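Visitor: Could you show me this protein and talk me through its core and its salt bridges?

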Amino acid sequence: MEPASRTVPGAQAIARAASLLRLVTAAGAEGASLQDLARAADLSRSTAHRLLSALKAEGLVDRDGESTRWMPGPELFLMGSVAAARYDVTGLARDIVRSLAVKTEESAFFSVRRADETVCLLREEGSFPIRSFVLSEGVRFPLGVASAGLAILAFLPDHDVDAYLERHPELESSWGRAHGDLPLRTRLTETKERGYAVNPGLIVEGSWGMGAAVFDRAGRPEWALSLTGVEFRFGHDRIAELGRTLLSHAHQLSARIATARR
């Protein structure tokens, strides 16, 4: 089957614009340069600038006059406010993420699955003074890379996992040999057996992460809670303790979401 961008008139331009929108929002409050956006979207600078200018005319992105960096526009806020009524569960998760950070003293996060990625929605700092800054609100990772996405992918049906890995043979070249098919499948099996994911510094050396899936009423892993911290805080005994804490908070949030959406 041909991609929609080839079979639907105008779909390629929309897909490119949507990709730029995602990259701009992922850059957060500091925004992103035209060069970085063009490179990340695999577009020429002129094409990226043309699409960004069109998005700016609609209020979907904005451009800082001094830094010339591109940032989310006011229309995104208005659209997001409307969409939140249907999709937003951060209000249900906020106190649970805060509790996770307080009890573990590590940075705690709440992420949502969006197609083949996870997007961080909430971050709560723990009290331990040395922190990892791999993850923050708006940051996206492919499923199976960060601990949140690893936890979600592990609890998808096997045929969905197979299809995902077939769609993304670039994981190894983009994220390293540890994200090749065999080692990734091994981590998925380990995650499913113990109930939570462990990322032993595979994104940034010395920065460890753990994640537990959060399920909807139908038992689908649509969100995840996760923790990050420095390596020496994740000894064998403490990983088991952190895992139990993660799972209890994830179960609590899954139950809360199921009850709220009846």
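Guide: Here are a few questions and answers on cores and salt bridges. This is a predicted model, in which local features need pLDDT of at least 70, side-chain atom pairs count only at pLDDT 80 or more, and totals for chains, interfaces and linings use all residues. Residues are numbered from 1 along each chain as its sequence is written, and side-chain values use heavy atoms, leaving out hydrogens and water.

Visitor: Which element gives the largest share of the largest nonpolar core?

Guide: A nonpolar core is a set of buried Ala, Val, Leu, Ile, Met, Phe, Trp, Tyr and Cys residues joined through side-chain atoms within 4.5 Å. Buried means under 20% relative accessible area, exposed over 50%, and partly exposed in between (1.4 Å probe, protein chains only). The largest core has 28 residues, and among the elements giving two or more residues to it are β3 and β7. The largest share, seven residues, comes from α11.

Visitor: Is E106, which pairs with R233, buried or exposed?

Guide: E106 forms a salt bridge (a side-chain nitrogen of Lys or Arg within 4 Å of a carboxyl oxygen of Asp or Glu) with R233, the closest N and O atoms being 2.7 Å apart. The two residues are 127 apart in the chain. Because its relative accessibility is 1%, E106 counts as buried.

Visitor: How many residues apart in sequence are R185 and D162?

Guide: These two side chains form a salt bridge, with closest N and O atoms 3.0 Å apart. Helices are DSSP runs (H or I, at least four residues), as are strands (E, at least two), numbered from the N terminus. R185 lies in helix α10 and D162 in helix α8, so the pair ties together parts whose separation in sequence is 23 residues.
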